[in-house]
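Here is a note for a colleague who is opening this structure without having seen it before. The points below may be read beside the sequence and the coordinates.

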Amino acid sequence: MLQFILKRLGLAVLVAFTVSFISFSLLFLSGDPAAALAGETASGEDIEAVRRLYGFDRPMLVQYAEWLTAALRGDFGESYYFRLPVSSLIAERLSVTMTLGVCGITFALLTAVPLGVVAAIRPNSLVDRIALFVSVAGQAMPSFWFGLILIVVFAIQLGWLPPSGTASWEHFIMPTIVLGYYAMPAIMRLTRAGMLDVLSSDYIRTARAKGANERRVLFRHALRNAIIPVVSLAAVQMGFMLGGSIVVESIFALHGAGYLAWESIARNDLPTVQALILIFSMFYIVFTFLADVLNAWLDPRMRTG
Amino acid sequence: MSEPLLDVRNLTLDIPTGSGTLHAVRGIDFDLKRGETLCIVGESGSGKSLTSLALMGLLGKGIKRSADRMTFDGTELTTASTRRMRALRGDRMAMIFQEPMTSLNPAYTIGDQLVEALLLHRKVSRQAARARAVELLEKVGITAAESRLSQYPHQLSGGLRQRVMIAMALMCEPELIIADEPTTALDVTIQAQILRLLYDLGREMNMAMILITHDLGVVARVADKVAVMYAGELVETGPVGDIFNAPSHPYTRGLLRCIPLPGKTARGSQLGTIPGIVPSLVGEVEGCVFRTRCPHAVMECRGAIPKRQDGEHAFRCIFPDGKRHSEKELTA
Ligand SMILES: Nc1ncnc2c1ncn2[C@@H]1O[C@H](COP(=O)(O)OP(=O)(O)O)[C@@H](O)[C@H]1O
Ligand code: SF4
Ligand SMILES: [Mg+2]
């Protein structure tokens, strides 16, 4: 197990370095950073002055090393647009995104797993068909469209929920549903397929032969095995959600990190974009690593294999 | 105790399929007293596994089971509630399956799986259950039994897993144990060992046993009774001596081929092979099912076939002796 974790950890660190280098080089790929910083009306001399001031004239690797060590200390430089430290700008936005991500994946798991289990117990039943419909609809319907429908119905027509903002927990209800619904279909299908597979296995018959009741057979014997890949999937999706909720954050005007990323790209605010890309990828890498570890922890065959 | 522990009359299993009803098991009768061993033999697909699953109440959804009578120690199993069946399963009747590699749950330790049945059926402490598990693991010949409890199935070989399965089935000291080809998936060298072990433990605990096997040598050694199954029917049943000394149904003779005797048949002797095609059991099944392969088949074999009974020995054939005597003359 330890060897397995160390291997995965090494891989994760390697990927993290690669990603950090790519996000750093964005600065140069998108044109001359000094020119961008100096502004459109700046003269050639002004641009050169800025270049020296910010150190853009030094070798790229040196700049990368400097940027990375600063980033590791939590210093991502200053936002071109806000003229504020990027780190403090992001910190506040990130808490909104994280709240949304945790709520979203929780909602997805709490709906998808029970639905998947029931669908597997009674394949082709009404519940199974409903589950299939819900999952197909969830995959076919764009998040922004679903979000807008919710706003129209629950905020505008019924007036039950606030349409946008982050002031209270009620503000998070609709975004959670939209984000969770995005992740739900895959989790549900994996749960259903896993349960169907496990329920027809020999060891389930063994459990029944021992006189175990249906509840014990389903949860202790079947779900315990079927849930293993689902947990990994959920961890990976969680990593996605922490960076990929731009659409949801925009519709509901949640000032989260995804929304900030979108704004910063529009404003050409490179240090902020760089920092966000780095953070989002780190989330993804960390959760993918976590998925592997959870998988190994839940599956004894991986632990000693 | 003359009342049989298990009494099965006219057990019939129908499986609905896309192309009609598959009459997988048709009207079979047998009974078993406490401590007796019944061996069921027959080619694959003859319905042996379905029959044992039907007894345990473990048939898959959609398979229709009916019987005039199917009692276990006086309890009618066909009408027993699921709760009643659960109380019997794993406690008073246990089963060992053909596939040791996949019959253990990969997510739990051997120990957890061993104690499960005992904890479900008896009021015992976990500690006492673990002690019983260790005792049984030692009985089935597993060394370092204590340390095995914390191992997972994938860490054990097939032979060890099947020993664990046997120990697991014995946890509650069942009165009836059904072993469905318990060694078919194992290495030939340990097959006899495991069967011997199972049989000895059965004797020790005075269990009734249904053993499904292809090994006629084993049948000759351990069986009190033999049931020969072909295409969903019991074509011949009887005390082991009668079956080996006077195999009456042509199919039984085909299996035995050289008519071995109890104690004389070599270990590992496999069933003989008989040329011909097994008929489809989908739709109406009429006449003798063996007629597509029987060397004695005549027109009358398409009609109703009488049951020939001589004490406990019974078979179905239009010929009163199943043409046993004419075959003897041929080979003599
Ligand atoms: N769940 C099922 N659905 C359809 N057919 C089945 C099912 N289980 C068994 N059968 C069929 O019933 C027959 C008897 O099977 P089985 O009892 O497993 O035979 P045996 O154990 O003697 O090899 C076979 O023809 C098999 O294909
Ligand atoms: S009834 Fe006819 S076909 Fe069937 S075993 Fe007897 S002789 Fe053969
Ligand atoms: Mg079988």
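Strands, like helices, are here DSSP runs numbered from the N terminus, a strand being a run of E with at least two residues.

1. With that in mind, B:Asn10 is found in strand E1 of chain B, which covers residues 6–17. Please keep throughout that this is a predicted model. B:Asn10 has a positive phi of about 55°, although this residue is not a glycine. Its relative accessible area is 31%, so B:Asn10 counts as partly exposed.

2. A comparable backbone feature is found in chain A, where A:Asn268 has a positive phi of about 60° and again is not a glycine. A:Asn268 lies in a loop, with helix H12 (257–266) on one side and helix H13 (270–298) of chain A on the other. With a relative accessible area of 45%, A:Asn268 is partly exposed, because buried would require a value under 20% and exposed one over 50%.

3. Turning to chain A as a whole, the chain has 14 helices and 0 strands. The C-alpha atoms of chain A fill a box of roughly 85 × 55 × 30 Å along the principal axes. Of its 305 residues, 47% count as buried, and the accessible surface of chain A comes to about 15,300 Å², with 68% of that belonging to carbon and sulfur atoms. When contacts in chain A with a separation of 6 or more are considered, residues 24 or more positions apart account for 73% of them.

4. The unreviewed UniProt entry lists several stretches of chain A under "transmembrane region", namely residues 94–118, 130–160, 172–191, 226–255 and 275–298. In the model, residues 94–118 of chain A are 100% helix and 0% strand, and the C-alpha atoms at the two ends are 36 Å apart. Over residues 130–160 of chain A the helix content is 84%, again with 0% strand, and the end C-alpha atoms are 26 Å apart.

5. Which residues have the most contacts inside the largest nonpolar core? That core has 105 residues, and the ones in question are B:Leu6, B:Phe30, B:Leu114, B:Leu176, B:Ile210 and B:Leu211. Helix H6 of chain B, residues 158–170, gives the most to this core, with 7 residues. A second, separate core has 67 residues and includes A:Trp67, A:Leu94, A:Met241 and A:Phe287.

6. One residue of the largest core may be followed further: leaving aside residues up to four places away in sequence, B:Leu211 touches B:Leu38, B:Cys39, B:Ile40, B:Ala179, B:Pro182, B:Leu195, B:Leu198, B:Val218 and B:Val222.

7. Ligand 1 is surrounded by residues of chain B, among them B:Ile15, B:Leu22, B:Glu43, B:Gly45, B:Lys48 and B:Ile63. An oxygen atom of ligand 1 is 3.0 Å from a polar backbone atom of B:Gly47, and an oxygen atom of the ligand is 2.8 Å from a polar backbone atom of B:Lys48. For B:Ser49 the partner is in the side chain, where an N or O atom is 2.7 Å from an oxygen atom of ligand 1. Taken alone, ligand 1 exposes 570 Å², and the protein buries 60% of that. Strand E2 (20–32) and helix H1 (48–56) of chain B are the elements that give two or more residues to the shell around ligand 1, and H1(B) gives the most, with 3 residues.

Definitions and conventions:
Residues numbered from 1 in each chain as written. Chains lettered and ligands numbered in written order. Predicted model: local features only at pLDDT ≥ 70, side-chain atom pairs only at ≥ 80, totals over all residues. Heavy atoms only, no water. Core = buried A, V, L, I, M, F, W, Y, C linked by side-chain atoms within 4.5 Å. Buried < 20%, exposed > 50% of the residue type's maximum accessible area, 1.4 Å probe, protein only. Helix = DSSP H or I, 4+ residues; strand = E, 2+ residues; numbered from the N terminus. Contact = heavy atoms within 4.5 Å. UniProt positions renumbered as here; feature names shortened; annotations may be inferred. Near = heavy atom within 4 Å. Polar contact = N/O pair within 3.5 Å; in protein donor to acceptor, adjacent residues only side chain to side chain. Areas by Shrake-Rupley, 256 points an atom, 1.4 Å probe, with all protein chains shown as cover.
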